[in-house]
Amino acid sequence: MDIIDESKAIIQPLNSEWYNGVAKIDMLRLDLLHPVISGNKWYKLKHNIRYAISSGFNTILTFGGGYSNHLVATAAATNVFNVRSIGIVRGNYELITPTLQKCVALGMQLLFVSKDDYSRKEETNLLRDLGLRFDDLFIIPEGGANEQGRVGAKEIADLIPSSYTHICVSGGTGTTLIGLRNGLPVSQQILGFIPMKGGKYLDEYISKHLPLEKNTNKQLFDEWHFGGFGKWNDRLIEFMNDFYQVNSIPLDIVYTGKMMYGLKELLKNGFFSEQDTILCVHTGGLQGNASISNKLCYIS
Ligand SMILES: *Cc1c(COP(=O)(O)O)cnc(C)c1O
């Protein structure tokens with residue numbers, strides 16, 4: 001089953017020139033697992049796909065926008081396992097995005113729906129209206145945000161030594177953060193960087209999926225959204241290029257670029273103490289840089 005060699009996820013120290021005021025900052029390179037099924041997406045998908053195959057489903061259906069890392073990771077993973085895949089895409093794209101092009105090349109059938117219809121995607125009516133039959137369809141929610149996704153995300157915690165005082169992770173659905181909080185000792189503080197406006201609303205979903213004794217020692221930040229999900233400006237690009245030059249680590253424009261920007265701000269603001277040791281989880285997503293590759297000094 002395992003098409004991904006999880007031992008490729010090394011822990012890489014950041015160049016100490018990049019920071020001061022803490023004992024060390026390292027990065028867990030989940031982005032090295034696979035160019036497309038990268039980062040947290042592999043962990044959120046693996047038990048879903050395993051379950052779908054062993055239960056005899058021959059098609060996997062999931063959801064995403066035109067830049068969705070989850071959609072293209074699902075396309076790539078189902079392609080490897082020879083399972084049919086269908087992607088329900090939010091909005092009608094006049095020009096199909098590089099991400100959606102990859103989905104098609106990997107054999108995913110795309111169905112485009114209006115933003116309104118997409119918002120009622122959890123209702124089976126939408127899928128029935130699209131003419132889909134359900135008997136052999138396994139549905140993975142947007143972002144892999146289900147029980148199998150959370151179980152898989154918990155395995156990321158096995159890669160993290162208990163000596164770190166702080167773990168930084170980016171959040172979209174919060175599934176990865178839930179998995180980490182479940183798998184890590186509660187003594188380790190988790191800092192969640194949410195790249196959406198008002199992203200702290202995720203706390204409700206996160207708290208709902210954590211047992212009481214684990215629902216602690218986590219903090220969400222949503223101030224570094226750069227105008228909203230998927231939005232960016234030249235300051236962020238410049239930051240990501242500088243980060244690459246100092247650390248030789250490529251960041252993605254949607255999640256990890258904003259997370260590291262936010263971490264840098266926390267460092268400047270004296271959030272940490274000198275003894276703190278920080279591990280940043282690189283959740284991947286580098287395929288999404290294709291749309292801005294001419295602005296980055298590294299090729300994704
Ligand atoms: C999807 C994604 C996330 C968000 O993960 P959630 O489990 O939905 O919170 C974070 N970082 C990257 C690079 C992603 O592609």
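Visitor: Which strands does helix H2 lie across?
Guide: Helix H2, residues 69-80, lies across E3 and strand E4, the latter being 84-90. The direction of H2 is at about 165° to E3. Keep in mind that this is a predicted model.

Visitor: What order do the strands take in the sheet with E3 and E4?
Guide: The order is E5-E4-E3-E6, in an open sheet of four strands with parallel pairing. Its edge strands are E5 (109-113) and E6 (137-139), and each of these pairs on one side only. On average, neighbouring strands in this sheet are turned by 25° against each other, direction ignored.

Visitor: How many bridges between E3 and E6?
Guide: Three bridges, in the parallel sense, with E3 covering residues 59-64.

Visitor: And which residue in E6 is the bridge partner of leucine 61?
Guide: Isoleucine 139 is the partner of leucine 61.

Visitor: Switching to the whole chain. What domains does the assignment give?
Guide: It gives domain 1, made of 6-38 + 156-295, and domain 2, made of 40-144. Taken over C-alpha atoms, the centres of domain 1 and domain 2 are separated by 26 Å.

Visitor: How many residues are in contact between domain 1 and domain 2?
Guide: On the domain 1 side there are 18 residues, in contact with 19 residues of domain 2.

Visitor: Where does the largest pocket lie?
Guide: The largest pocket lies between domain 1 and domain 2, because both give residues to its lining. Its volume is about 1100 Å³. The lining has 44 residues, and those closest to the pocket centre are Glu142, Gly172, Met196, Phe229 and Tyr255.

Visitor: Which helix gives the most to the lining of that largest pocket?
Guide: H1 does, with three residues. Elements that each supply at least two residues of the lining include helix H1 (40-54), E3, H2, helix H7 (175-183) and helix H8 (202-208).

Visitor: What classes of residue make up the lining of the largest pocket?
Guide: By class, the lining of the largest pocket has 22 polar residues, 16 nonpolar and six charged.

Visitor: Now the other sheet. What's the order of the six strands?
Guide: This open sheet of six strands runs E1-E2-E10-E7-E8-E9, and its pairing is mixed. Strand E1 (11-13) and strand E9 (218-221) are the edge strands, each pairing on one side only. From one strand to the next, the twist averages 25°.

Visitor: Which strands of the sheet does helix H10 touch?
Guide: Helix H10, residues 256-268, packs on the sheet and touches strand E2 (24-29), E7, E8, E9 and strand E10 (277-282). The direction of H10 makes about 165° with that of E10.

Visitor: How do E7 and E8 run, parallel or antiparallel?
Guide: Parallel: E7 (residues 166-170) and E8 (residues 189-193) are joined by five bridges. One pairing to look at is serine 170, whose bridge partner in E8 is phenylalanine 193.

Visitor: How many cavities turn up in a search of the whole structure?
Guide: Two cavities of 30 Å³ or more. The largest cavity holds about 60 Å³ of space, and the second largest about 30 Å³.

Visitor: Which residues line the largest cavity?
Guide: The bridge partners Ser170 and Phe193 are both in the lining of the largest cavity. The others in that lining are Ile194, Pro195, Phe221, Asp222, Glu223, Trp224, Tyr255, Lys258 and Met259. Tyr255 is also one of the residues closest to the centre of the largest pocket.

Visitor: By class, what does the lining of the largest cavity have?
Guide: Seven nonpolar, one polar and three charged residues.

Visitor: And which residues line the second largest cavity?
Guide: Pro35, Val36, Ser38, Lys41, Asn69, Gly285, Leu286 and Gln287 line the second largest cavity. By class, these are three nonpolar, four polar and one charged.

Notes:
Residues numbered from 1 in each chain as written. Predicted model: local features only at pLDDT ≥ 70, side-chain atom pairs only at ≥ 80, totals over all residues. Heavy atoms only, no water. 1 Å grid on protein atoms, 1.4 Å probe; cavity = no way out; pocket = protein on both sides within 12 Å on 5 of 7 lines; lining within 4 Å. Points joined across faces, edges and corners; volume = space filled by probe spheres on them. Nonpolar A, V, L, I, M, F, W, Y, C, P; charged D, E, K, R; others polar. Pairing = 2+ DSSP bridges. Axes fitted to C-alpha atoms, helices over the stretch in contact; angles between N-to-C directions. Contact = heavy atoms within 4.5 Å. Domains from an automatic or database assignment.
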